[in-house]
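Please open the structure in your viewer and keep the selection panel at hand. The tour below moves from one selection to the next.

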Amino acid sequence: MNRIKPLNINLLEQKLHPLPLIKNVVYLDEITSTNDLAKQISAEKSHHGTLIIAEKQTAGRGRKAKNWFSLPGKGLYFTLIIEPPLVPNLQILTLGAGVALARAIESICALITGLKWPNDVYIYNKKAAGILAESITRGTKSMVVILGVGINVNHDPQDFEKELSGIATSLKISTGKVISREDILAEFLRKFTYVYQEIIEGKASQVLKSWLNRALYIGKEVTVVKEKTLITG
Ligand code: BTN
């Protein structure tokens, strides 16, 4: 039986206390997709630093128009809305979010992680977390970056649908321990704040270096399927 223990928002807010980037936390039992809500609310006015967390998503989305399976009580599904200054190399921010996620998992779970382009987090060759980054440009003066993060935290092997069982993992499966969702989320936000600061201070090359240090498949021959054709390189 899947006993749902909701996220402890008071505990999370305590852990986030000295984190000026996070201005507002919205916690929902259920939503279609936290990214969809983030896009809707950002279209009208500034929501810089708003964090939207949902226990369950009925239409969670992944990259390349895939569904993101959202199991209540076991995973983390959240979106952070950021309105960064338009500094050079801002595009590194989405890779930076992957670096922050990898660092958070490494520090809370004592695991080695790898990053698969652009920001999927892999542990022992299986995917544990992913990021759907979307942006809204408002004229030439401002840009909203929507970072939707999904993490398989306390999933057991039987929680994954059949087609995911060989390719997905969770932090619990990888460590053999139940992992605090509040700890992972707070640590991600701390690590992301650091990366964000580096990028807006013009140190994007440091963030890129951290991404490259974890990059999977660099220097290896890979085969991809593009429009039903296999391309090796
Ligand atoms: C991927 O690996 O393809 C990206 C997955 C991103 C999933 C998260 S869950 C929270 C947010 N809301 C969504 O609908 N998607 C992202």
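Which residues of helix H2 (residues 34-44) are buried? Bear in mind, as you look, that this is a predicted model. Select H2 and colour Thr34, Asn35, Leu37, Ala38 and Ser42, which are its buried residues. When you look down the axis of H2, these buried residues fall within an arc of 160 degrees, so they line one face of the helix. An α-helix has 3.6 residues a turn, so residues three or four places apart point the same way. Now turn to the other side of H2, where Gln40 and Glu44 are exposed.

Next, show what covers the buried residues of H2, which includes strand E1 (24-31), strand E2 (50-57), strand E3 (75-82), strand E6 (126-138) and strand E7 (142-152). Before leaving the helix, select Ser33 and Asn35 at the start of H2, where a side-chain oxygen of Ser33 comes to within 3.2 Å of the backbone nitrogen of Asn35.

Then move to strand E5 (residues 120-123), from which Asp120 and Tyr122 point one way while Val121 and Ile123 point the other way, all of them buried. Add strand E4 (residues 114-116), which pairs with E5 in the antiparallel sense over three bridges, and find Gly114, whose bridge partner in E5 is Tyr122. These two strands, E4 and E5, form a hairpin with three residues between them.

Finally, bring in E6, which runs antiparallel to E5 and is joined to E5 by three bridges; here the bridge partner of Tyr122 is Lys127. In the hairpin of E5 and E6, with two residues between the strands, select Tyr124, which takes a positive phi near 45 degrees.

How values were computed:
Residues are numbered from 1 along each chain as its sequence is written. This is a predicted model: local features need pLDDT of at least 70, side-chain atom pairs count only at pLDDT 80 or more; totals for chains, interfaces and linings use all residues. Side-chain values use heavy atoms; hydrogens and water are left out. Buried means under 20% relative accessible area, exposed over 50%, partly exposed in between (1.4 Å probe, protein chains only). Helices (H or I, at least four residues) and strands (E, at least two) are DSSP runs, numbered from the N terminus. The arc is that of the directions from the helix axis to the C-beta atoms. Contact means heavy atoms within 4.5 Å. A polar contact is a pair of N or O atoms within 3.5 Å; within protein, one must be able to donate a hydrogen and the other to accept it, and residues adjacent in sequence count only if both atoms are side-chain atoms. Two strands pair if DSSP finds at least two bridges between them.
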